[in-house]
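Here is a short report for a reader who is new to this structure. Please look through the model before reading on.

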Amino acid sequence: MSLARPIAYLAGVGASAPEGRLTNADLERTLDTNDEWIVERTGIRERRIARRDEPLLEYTLRAARQAMERAGVTAEQIDGIIFATVTPDRRLPSAACDLQSALGAKKAWAFDLVAACPGWVYAISAAEGMMAAGLGDTILVVGAEKLSTITDFSDRSTAILFGDGAGAGILRRGAEGSDRGVLATYLGADGDLAELLYIPAGGSAEPLTPEIVQEKRHLMRMAGREVFKAAVLAMSRSTDEALRRAGLPPGSIDLLIPHQANLRIIEATAKHAGIPMEKVMVNLDQYGNTSSASIPLAVAQAEAEGRLKPGMIVMLVAFGAGFTWGSVVIRW
Ligand code: ACO
C-alpha cells in the first residue's frame, strides 16, 4: 500500500561535532600512511574525534537543539525521538531515552535505530511511517556517532576513514495540500555480507573479556575493496529506485547529499546518476566517515551554505555495514 505524499517535511536541521581534530599529518605520525595517499584514495583531510570522557550525548544535544531552534519547535512539542547510532553511550537504556531526558521532551516516545551508515535515512523513513500511523506530528530524527570508540587506530586501512559527529532533523507533518517534503523512500539490506564490515566480538554472543580487548576483536574490521564495490552498486541503484518511486525522471536531482564514506564512491554514484559534482554535497574532507551522522551533518552544512532552496529536489543516499542501504527524495 502506498500513501499520499508528502506527509512529512524537514522543518529544521542541526549538526555538531567534537572540537578535537585528527588530521592526516597526525595519522602520519603513528601509522605507515601519508596525506597524499589518504587524500587521493578517500578525499579525507581531517576528522573530529571526541575526548574519551566526552559522551555522544554532549554533542548530540547541541545538534538536536540547533535543529529544534531552526524548526521553531520546543521540547514539549516533540512527539517522538528516533536515534540512529551504532555507538550509544551505554547499552541500556537507549541513547534516545537519554536524549529525551536531557531535552525535557516529556511526552516523546523514544528508541534507537541500528542501521549503520544509512541510519538517518532509515530513521526518516521510520518517522514518516510512524507519522502516517498517527504516532505523532513532530519527530526528532538523530544520526550521531562516536566511532572513535570502535575504530582500531593501529589499522591504517580503517583508522584513516572514521570520525565522530552528530546531526539531527525535525520531521513535521506538512500542511494539507503542501507539495514540500518526503516524496519517496527506499531501503534495503543484505545480511549475508555482514562480515565484510563488522565488529567480531563484545556483543551478547561473545561478551567482552580482556582477551577480546587484547586481540582488538571489539573494534571494526573491514574488507575495504569489497565494501567499496558494493557501496557504489547499492548507492547507484538506491538513487535510481528512489527517483522511480517519486515518479521523477533521471536528471531531476538538484542536490545529491550522499553518505560521506569515500570521495571516489560519491563520484561514481554521481556519475551513474548523471549528476555533475557541483550538484553534490561533499564535506568528508572535514569529517571523514561519521556513519549515521554523515548525511545530517552534510544536510546541515548545505543549508548553512545556502545550497538548499525551496522547491529543490534533494536526494539522500547511503550505504553501510549490514550491508544496509537506502535513499530518500525530498522536495525542499
Ligand atoms: N596508507 C597507505 N597505504 C595504504 C593505506 C593507508 N592508509 N591503506 C591501505 N594501503 C595500501 C594497501 O596495503 C595496499 O597496498 P598493496 O597494494 O601493497 O597491498 C594498497 O594501499 C591498496 O589498498 P586497497 O585496499 O586496494 O586500497 P583502496 O584503493 O581500495 O582504498 C579504502 C582503501 C580507502 C579503504 C577503500 O577501499 C574504501 O574506501 N573502501 C570503502 C570503505 C567504506 O566506504 N567503508 C565504509 C562504508 S560503510 C560505513 O560507513 C560503516
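Where does the shell around the ligand lie with respect to domain 1 (8-173) and domain 2 (181-331)? The shell lies between them, because both domains give residues to it. The domain bounds come from an automatic or database domain assignment.

## About the model

This is a predicted model, in which local features need pLDDT of at least 70, side-chain atom pairs count only at pLDDT 80 or more, and totals for chains, interfaces and linings use all residues. Residues are numbered from 1 along each chain as its sequence is written, and side-chain values use heavy atoms, with hydrogens and water left out.

## The shell around the ligand

The ligand has 24 residues around it. A residue is near the ligand if one of its heavy atoms lies within 4 Å of it. Thr33, Arg41, Cys117, Asn262 and Asn289 come nearest. The shell divides into eleven nonpolar, eight polar and five charged residues. Here Ala, Val, Leu, Ile, Met, Phe, Trp, Tyr, Cys and Pro count as nonpolar; Asp, Glu, Lys and Arg count as charged; the others, Gly among them, count as polar.

Several elements each supply at least two shell residues: helix H2 (35-42), helix H6 (156-159), helix H8, helix H9 (263-273) and strand S12 (313-320). Helices (H or I, at least four residues) and strands (E, at least two) are DSSP runs, numbered from the N terminus. H8 gives the largest share of the shell, four residues.

## Polar contacts with the ligand

A polar contact is a pair of N or O atoms within 3.5 Å; within protein, one must be able to donate a hydrogen and the other to accept it, and residues adjacent in sequence count only if both atoms are side-chain atoms. Arginine 225 places a polar side-chain atom 2.7 Å from a ligand oxygen atom. For arginine 264, a polar side-chain atom lies 3.0 Å from an oxygen atom of the ligand. Glycine 224 uses its backbone: an N or O atom there lies 3.0 Å from a ligand nitrogen atom. On its own, the ligand has 1,000 Å² of accessible area, and the protein covers 76% of that. Such areas come from the Shrake-Rupley method with a 1.4 Å probe; for residues, only the protein chains shown count as cover.

Glycine 224 belongs to helix H8 (residues 224-246). Glycine 224 is partly exposed, at a relative accessible area of 33%. Buried means under 20%, exposed over 50%, and partly exposed in between (1.4 Å probe, protein chains only).

## The largest nonpolar core

A nonpolar core is a set of buried Ala, Val, Leu, Ile, Met, Phe, Trp, Tyr and Cys residues joined through side-chain atoms within 4.5 Å. The largest one has 43 residues. Leu256, Ile275, Met315, Phe319, Phe323 and Val329 touch the most other members. H8 gives the most to this core, with eight residues. Domain 1 (8-173) and domain 2 (181-331) each provide at least three of its residues.

## Backbone features

A cis peptide bond runs from arginine 5 to proline 6, with omega near 0°. Proline 6 sits in the segment before strand S1 (8-16). Another cis bond joins glycine 322 and phenylalanine 323, where omega is about -10°. Phenylalanine 323 is in the loop between S12 and S13.

Lysine 216 is not a glycine, yet has a positive phi of about 60°. Lysine 216 is partly exposed, at 32% relative accessible area. Serine 291 also has a positive phi, near 50°. Serine 291 is buried, with a relative accessible area of 4%.
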